[in-house]
Every structure is written in structure tokens, then in C-alpha cells.
Amino acid sequence: MRTCIVWIAGCLVVPLTTTLAMANGWNMPVGVTDVSREIHSLHMTIFWICVVIGVLVFGVMFYSLFRFRHSKGVKASHFHEHTLVEVIWTAIPLLILVGMAVPATATLKKMYDPADADLDVMIIGQQWRWRYEYLGEDVAFTSNLGTPRETVRGEGERGEHYLREVDEPLVLPVDRKVRFLMTSDDVIHSWWVPDLAVKQDTIPGFVNENWVRINEPGVYRGQCAELCGIDHGFMPIVVHAMEEEAFDEWLAERKEAAAQEASGVDREWGLEELMARGEESYNAVCASCHQPDGGGNAPAFPALAGNQALMEERERHVETVINGVSGAAMPAFRNTLSPVEIAAVITYERNAWGNETGDVIQPSDIAERLAD
Amino acid sequence: MAPKLPLHHPVEQSSTANAGGQAAAHPAPRYGIKRWLLTTNHKEIGSLYLIFSLTMFFIGGTFAMVVRAELFQPGLQLVEPEFFNQMTTMHGLIMVFGAIMPSFVGLANWMIPLQIGAPDMALPRLNNFSFWLLPVAFTLLLSTLLMPGGGPNFGWTFYAPLSTTYAPPSTTFFILSLHIAGISSILGAINIIATVLNLRAPGMRMMDMPLFCWTWLITAFLLIAVMPVLAGAVTMMLMDINFGTSFFNAAGGGDPVLFQHLFWFFGHPEVYIMILPAFGIVSAIIPTFSRKRLFGYASMVYATGAIAILSFMVWAHHMFTVGMPLTAELFFMYTTMLIAVPTGVKVFNWVATMFRGSISFEPPMLFALAFVVQFTIGGFSGLMLAISPADFQYHDTYFVVAHFHYVLVPGALFAILAAAYYWLPKWTGHYPNLRLAQWHFWLSVIGVNLTFFPMHFAGLAGMPRRIPDYALQFADFNLASSLGGFLFGASQLLFVWLIIKCVRGGEKAPAKAWEGAEDLEWSVPSPAPLHTFEHPPTFRHESK
């Protein structure tokens, strides 16, 4: 009878856990890189080891609970301390652990080998967006949350990729080794895409390394994993893995667009076009702190709308956007925005929401300052 | 080890002072608020600690309910992300420093003198001081929620520079409150060490002590070793924020990762500070209700010591993704895996104690059994997290949240509840209401597992921790967790009701309230009079 109960329990637990462990969306994804596959298999191995130990230990425990009940008049025996048993139950777990450590060490060594990469991508964490720079290719852009804020607040339908969509995904080639160099402009973030099995902290003042070689084209989604402030939950990552030729084409297009953007610096810009461009950049980059209406979020993030100091001190305004505020949350944008974008954002801030200074900041002036 | 009864001489007990020339030592008790403010009695201070921690448990629990309510469904409904971050942070801080730690100190205050036959703690006035620091510290901490810019919002691990350069202005008060709570912990630990080493009944050797005293002694050494490290780290934060230093500020040549090393050098032993006393409690309860002595007393003591020593060598397993060198990753992976060995020894010991015992299922035993199963589940996920390559996927996800909650809630907290049920007859003189206790137990078990088990799946499926809103594929897991959380939270109100009933009345408990209980505390009457063991009992240990 009692043995029956243990068996039934065992027979229930094992298939149940198996089903759960294998079910899609309940378990760690197998992923699309060799490393992610190895990690998944380590995960399943240690999981099954735990299940087996659990069944044994809890089996003995529940057997005892059913079999040796005071209410059934069982008298306790008085044995205690048995050196052999104690040595065995110390030694066996030790052996299991050694058996587990061997493959784990091998996988870890692989993960720590970013040498001989075909492509270097700099990943920069910023409150609250990711910046990607294709090193040596003159292509760089920031990637912002694509889900509208109103949807978060409950207006409109939440799509399939709610909170896991961006305005511009990171595009990578398949079958090439891509090295990531990772850092941060402000606080610590962590760049994580489960399907790539890459999770690496981006830390101000440090450059971390990691790498991938993606086996299958596709769209892979993730998000920031390290608490980084108010919008930590709204910092998604989308990786678009393309066939090699398609990637090369995409990169060439981006290069050309970047060159055009750079040439735009030299010409004279009008208020209207700067405002339009500025609104776009402001909403993508500045609005998460200073709010879309310029109302700010006191005390950390001052209001820009109706800000007298801002309107009167044009020079300080430019300086603040370019170099940030030391010791405060305002980052320097000299390396993350182009001269056109900086000029447009400043022009926008000086003329939007009733801040009617009429000032027009020319990209060429900004470019000159950046060159200093 | 063990059975210490009967005593050679009947022990004299008194509620205030007795005729035997003891009156001078115990002035007439004060009444009203002064009694509690000025008390130096280990039982009264123990009760203060326990009431304080229960209060904090409900405050921290309320914050958890806010978090679970916001996560009930996708989207932002109830609170702003800014306030959400304050809730997760305060929940963690209050539960760790305000609920779990002080409740163990409360149990130590009440039970260690009774278990070793001492009249009181070795340093009674210090004892009073270390308790009364706590309400000051936590009033200060809670008051930050009302300050401009809000309270701490950087997680209970307060990583720099989010907690320094980017922190709200109230952070300086947060640092001060941690300092005060830390002083309280250090003083409490000194007191426990002094008591255990000096005030054991004549004839009681170290290896005769109940395991609760052993685990607390080792815990106290951990506290003394690591609380100053925390104090150092928060002082460096204070300097960075207010005095222009750059310990953790990369722009000034500082090192944000240094903060994490300092924090986790404190933080990992801290984790064991919150579980070792639980081991002691369970090691008392399981033999009592199995009517069989603990299988391996000595190996339990050695395993506790081994865990304590290892706890200083594993801290960077919280930092596998910060970009440490390969050798460091390997070292911390191996040492972390090693912890499974002494922890396994403990679990095997408890099971071996039950094997061929004579088991009954009074409320303390129910909670202790649930502890063994659920703590082991938390241990399993801990073993998985130790595998460094896999940790790159688990780290900072709900899998980690599930892991440490399994160790702390159905683990440590269940052990504290077990202890309360075990010793309530000694404290109040009444047995707790059985019916109510069983309801409390079953609702808690269902609630806690419904809350925390789905978190494993949410984490594996890719949900990071500390986010106020989530992608749609995590919705079902969060719905289950929230429902479980509300159930668990609400069922703790039963516990309060049960305690009130138990203090007021109920079935009278004899000195030896449980048939199989063997330790010294069961030789004094129930309820334990205010002063016990004014004459040390003569302890007779069984020949080995």
C-alpha cells in the first residue's frame, strides 16, 4: 500500500515535470547559437539531476511520513550516527558536482573566447535605450521602445510584441562571428537576448566583451536585465539576423545614409525643418525623462517648458546637451547624437511648448564645437 | 549531545523576585511604556523583537501586495514605474533587515538563555539598546517614502551608480538607517556570542548545546564579520553623494563593480545569516515530533560551520555577468557548487531523523516539514544557478526571484512560523488553536507555492526582475503569482488572530509542552516566568 503511494506519486511527478520542462514558453529557449544550445543542455542536465535527487529524498521522506506515524502506534527506534552512511551522502553529491563542473567549464571557456571576430559591434546602454555602433563602418544608431506610451496606459490594442518592439532593430549577419563590445553612458544596464544566450552587463567606465555566431536568420527579442531606473522595463532589444548578402546590402545602405546625414551638416537649416527633426529626436531620446510635453519629472529631471533659465541662457543650454551635467542624471550627447540631431533638439526645446525664443541653432555651429 | 532531563535540583522560578536574596537583583517591575523602554529582561526584549518583526513583515508584505497588484496584468494600472521601483526596493529592505533578521534575534533572545540554562543574556543593557535602535532605523527608512523625490528606488541591492549619482535625495537617510540597523545587528551578535560562550549551565559543553544555539553562534560570527563591510560600502556611497569622492563613479576614476564586490561580500553571508538559525529551529522540531534524536548532531554542527566558511568564498556568483575574468568565474562556480554538499548533509540528516521515528503532525511539525521540502526546492534552483554558463540565462530573471523567495519565504519564514508554533506554549502558557493553525498552514502552503512556483517558468521564459510591466507571454504566470500572493498575504492575518487568541487563553500547556521535546527550555514552567534559572541548573550530559 505505502509503496504504492510512493510509486503513484513518483509516476505523477516525473511526467508532470517532464511535460512542463519541455513545454514551449515555459522553459529556457534552446536558442540559435551553438553556445545557447550547450547552455540549454547544461540547464536540462542539472534540472534532471535535481529531479532525480528530489524524487529520492522526498520519496524517503514521504515514505517515512506515511509509514512511521505515531497515530498508528509506531515506536521510534533509537539509531543515530552512522559513519558509512554519512560518508556516502557526502561523497556522492561531490561526485555528481564534479561530473557537472566538467561540461560547464568547457562551455564557459567557449563563451570567453571572442577572438577572431568578423564584425565588431559596440553596444552602449543609455537610460533608457540602446545605442549600436558598427565599428569601422561609420554606421551607428539608437534603438528605442517601439510600443506607444499610450498603449502601456491601456489605450489601444496590445500587439503580439508588446514592449518587445523597437523603432530600429540591431541587424546582424548569420554565420559570422560578431563580437560585442559593451559599455554604458550612465548606470549599469544588461543586454540580454535569450535566444542568443548573451547576457552581459554594460557598465560605465568598463568595456565588456561577448560574442555570437547566429545559425538561423530570424528576429530575436530580449530586454534590459539590470535595474537601471524608471524605464528599466521599457528598454527592449530586437535583433534582426539576416543572411550574409542581405546584411552586406543593408550595411552599405546605412553607410550611404550616414554619409548623407554628415553632408547635411554644412548647409543652412531653417526653423521649420529643424523643429520637425528636433521633435522626432526629442521624443525618441529626451522625452523619457523630460516628458513629451517638456514638463519634466522633478526633482531629478527639470521641466523644459517655460524654463526661464533655459530660454535666457542659450550658451548653457547648448553646453548641457553636448556635455551633460557632471554628477547628475543628464548625460552628454556629443557621442550619441549627430550634429544635426543636437542642433535640431536644442532648436526644438527653445521653441516648443510656448518657449518661443525664435532661436535657430545651426548644425554647422554644433559640428564646429564638437570638433574643438 | 542530549537529553538533559531530569535536573538534579528543582529549579527555583519567580515572576519578579524571590525570597532567596534575589530581590536586590530585580527591582520591582515598571509599568506602562517605561517597562518596555527600559527593560533589560531577555524575554521582554525577545517579545519586542518578535512584535517588531511581525509589524515589519506586514508593512513589507503590503509593499509586496502593491507590486503583485501592479503585475496582476500587463500594462500600467495602479502605480507609476517610479513608485513601483520604490515598492520593490522597500519590500526587499524591510523583509531582509526588518522582518527576517529581527525575528531570528527575537527567537534567540527568548530561547538561547532558556536552552543553555542562563538567567538572561550576557549583556542585558546592550540588549535593550540594540532593540531600540531598530524602530529608529526603520522609522527613518520608511519616512524616505514621503520625502521629495521619493524613497530608495534602486533595488535592495542598491547598485552604484544608480544608488549614488542617479539616486533620489533621500538616499542619505537610507544610508543612515542602514548604519543604525547594522549597529543593532552587530551589538545583538556580540551579545549572543557572549551569552553562548559564557553562560552555559555548569556541565554543558559546546557539543551539548541545542543546535539552535550552535547555528545562532555561527550566525553571530557571520554578522560581526560582514555588517562592517556593508557599513563601509554605504559610507563610500555617502561620500560619493555628499562629499565629491568617486569611489563608484567611473567619470571620476572610480569603479562601479567595486560596489558589487563589497555588497556581495556582505550580501552572501547575509543570505546564510537568514537561513542558519532556521536550520537550528528545524533541527529541534523534527526530532521532537519524530520522537527520535537527531540523526547526526555532530555532522549538523560541522555542516553549519562549513556553510559559514564557504559563504565568504562565493560572493561573486551574484556577478557572473559583470564581465569577470574566466578564472574568477570558474573559481566562484566551483565554490558555489560545493555549498550543495554540506546543505545536502543537513537535508539528509532531517530525513534520516524521520526514518523509523514515530511521527506526529502538530502545527510546528507541519511547518518544519514544509520547510524541508520547499527549502530543498530553493536549494535545487540554487544549484542550477551555480552553473555559471547557465546563469548567463538565469541571472536577473524571475528564476532568481523564485529561487531566493523559495529559500526565504517557504524556507526561512516557514521556519520562523514553525518556531512560533513550537514555543508559543512556552511563551504564553497556552497551546495555539489547532484548527486555526491548520488553516493557516494549508492556506500558506498553497498561497506561497502558487506565488513563487510560476516565477520559475516566467524567468526561464525570459522575464527580467524588477519591471513594472511585461510582455504578453508572461501574463499567465504573473496572474497566478498575484493570486497566490494575495492568498498568502491574507492568510497571514489568521496567524495574528491566532497569536492574540493564544496570548489570551486556550488549552493550558504543561512545562514540557510537547511529548518528544528534550531541551532545557521545557524544564521551566509554561508560561516561562519573567526570571528563570536564577540558580544555574546542573546539567547532566548523557555519556557518549
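**Exercise 1.** How many residues of domain 2 of chain A are in contact with domain 3 of chain A?

*Solution.* Start with the bounds, which come from an automatic or database domain assignment: domain 2 of chain A covers 119-145 + 163-263 and domain 3 covers 271-371. Now count contacts (C-beta atoms, placed from the backbone, within 7 Å): 10 residues of domain 2 of chain A touch seven residues of domain 3 of chain A. By class, the domain 2 side has one nonpolar, three polar and six charged residues. Here Ala, Val, Leu, Ile, Met, Phe, Trp, Tyr, Cys and Pro count as nonpolar, Asp, Glu, Lys and Arg as charged, and the others, Gly among them, as polar.

A quick word on the ground rules: this is a predicted model, where local features need pLDDT of at least 70 and side-chain atom pairs pLDDT 80 or more, while totals for chains, interfaces and linings use all residues. Residues are numbered from 1 along each chain as written, and chains are lettered from A and ligands numbered from 1 in the order written.

**Exercise 2.** Is M56(B) buried or exposed?

*Solution.* First place it: M56(B) sits in helix 2 (residues 42-70) of chain B, helices being DSSP runs of H or I with at least four residues, numbered from the N terminus. Next, count neighbours: M56(B) has 25 C-beta neighbours inside 10 Å, so it's buried (20 or more is buried, 12 or fewer exposed, in between partly exposed). Finally, skip neighbours within four places in sequence, and M56(B) contacts I94(B), G98(B), A99(B) and F138(B).

How values were computed
Two residues are in contact if their C-beta atoms, placed from the backbone, lie within 7 Å. Helices (H or I, at least four residues) and strands (E, at least two) are DSSP runs, numbered from the N terminus.
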